[in-house]
Amino acid sequence: FLAGTYPILSPLPAVGGNEGVGEVLEVGRRVAALKPGDWVILASTGLGECKPRKPHPSSASPPACKASSMGIRGMLKPTRSCPSPMVEQRVKTHGCDSVIQNAANSGVGQAVIQIAKAFGVKTINVVRDRPDLPKLVERLMALGADHVITEEMLRKPEMKDLFKSVPKPRLALNCVGGKSTTEMLRHLQPKGTMVTYGGMAKQPVTVPVSAFIFQDVQLRGFWMTQWKKEHAQDQESLTTMMDALCQLIRRGQLTAPACTEVPLQDYQAALEASMKPFISSKQILLL
């Protein structure tokens, strides 16, 4: 949004705000699905701004499942729902036994680990090397990760030993781009699929010709906003997805990543913290 390269841009001057959760204060006489005190999320990208109060049609604010943490409520729409169609649809279609992903310590990456475990799918999780790597590995393994490796490990012959205990993946999830993408592709099964949903490295996805010719790999893109647009008339699919995620949350199989709650007036501190390297804590602004 800040760089002006996102496909959805608000006309300037604009008030920031895209992902959030709020409490219902009042409802109209014809509203039956919600009541004061309910928690709701923003159904559409770019729907809200950072305002303490704003009227919305009930259809634009679906209920958030009752969860103990503000973090899981606030990130249910963008972060937690994104992996569900990416993983679930392709697991059912291709019968995946394992998934490999980069940026595994991101909010989406942590959700992938937990959702895949709930489906009985093993995960190979790639992260950048860092000073506190053992702590990060321990944290991701506690979420249900089967293997946590660094970007450098992807290029080493030792990967052959890893695949003695877990099948080669048919699905790769790419949020980085650049060399990370190329190296993950080398470990896909023939006819495997790589889904790109982010480009944190700001580098192009480079694919060897041999991967297309001899491995017949498929490259797909995924944008949660577009997926929701395409399913806008299919409320049953959207409701089923959210209900499934809420069930995982209630069973303790899906939790929020580390979060730091920051009063809105301290937004500068939150922005600075979010830009620091190797910081996995999400900054939640409280209005």
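Buried means under 20% relative accessible area, exposed over 50%, and partly exposed in between, with a 1.4 Å probe and protein chains only. Helices (H or I, at least four residues) and strands (E, at least two) are DSSP runs, numbered from the N terminus.

This is a predicted model, in which local features need pLDDT of at least 70 and side-chain atom pairs count only at pLDDT 80 or more, while totals for chains, interfaces and linings use all residues. Residues are numbered from 1 along each chain as its sequence is written, and side-chain values use heavy atoms, with hydrogens and water left out.

**Exercise 1. Describe the chain as a whole.**

Step 1. Count the elements: the chain has eleven helices and ten strands.
Step 2. Check burial: 42% of the 287 residues count as buried.
Step 3. Look at contacts (heavy atoms within 4.5 Å). Of those between residues at least 6 apart in sequence, 61% join residues at least 24 apart.

**Exercise 2. State the strand order of the six-stranded open sheet and find its edges.**

Step 1. Use the pairing rule: two strands pair if DSSP finds at least two bridges between them.
Step 2. Read the order, which is 5-4-3-6-7-8, with parallel pairing.
Step 3. Find the edges. Strand 5 (147-150) and strand 8 (218-221) each have a single partner strand, so one side of each lacks a neighbour in the sheet.
Step 4. Add the twist, which averages 20° from one strand to the next.

**Exercise 3. Examine strands 3 and 4 and the helices packed on the sheet.**

Step 1. Strand 3 (residues 98-101) and strand 4 (residues 122-127) run parallel and are joined by four bridges.
Step 2. Match residues across the pair: isoleucine 100 stands opposite isoleucine 124, and glutamine 101 opposite asparagine 125.
Step 3. Sort the side chains of strand 3. Ser98 and Ile100 point one way, Val99 and Gln101 the other way, and all are buried.
Step 4. Judge strand 4: five of its six residues are buried, so the rest of the structure largely encloses this strand.
Step 5. Add the helices. Angles run from 0 to 180 degrees between N-to-C directions, with axes fitted to C-alpha atoms, for helices over the stretch in contact. Helix 4 touches strand 3, strand 4 and strand 6, and its direction makes about 165° with that of strand 4. Helix 5 (residues 133-143) touches strand 4 and strand 5, at about 150° to the direction of strand 5.

**Exercise 4. Where does threonine 196 lie, and is it buried, partly exposed or exposed?**

Step 1. Threonine 196 is in strand 7 (residues 193-196).
Step 2. Its relative accessibility is 23%, so threonine 196 counts as partly exposed.
Step 3. List its contacts, leaving out residues up to four places away in sequence: threonine 196 touches Asn174, Val205, Arg220, Gly221 and Phe222.
Step 4. Look for a polar contact (a pair of N or O atoms within 3.5 Å; within protein, one must be able to donate a hydrogen and the other to accept it, and residues adjacent in sequence count only if both atoms are side-chain atoms). The side chains of threonine 196 and asparagine 174 form one of 3.0 Å.
Step 5. Compare sequence with space: threonine 196 and leucine 173 are 23 residues apart in sequence, yet 6.0 Å apart from C-alpha to C-alpha.
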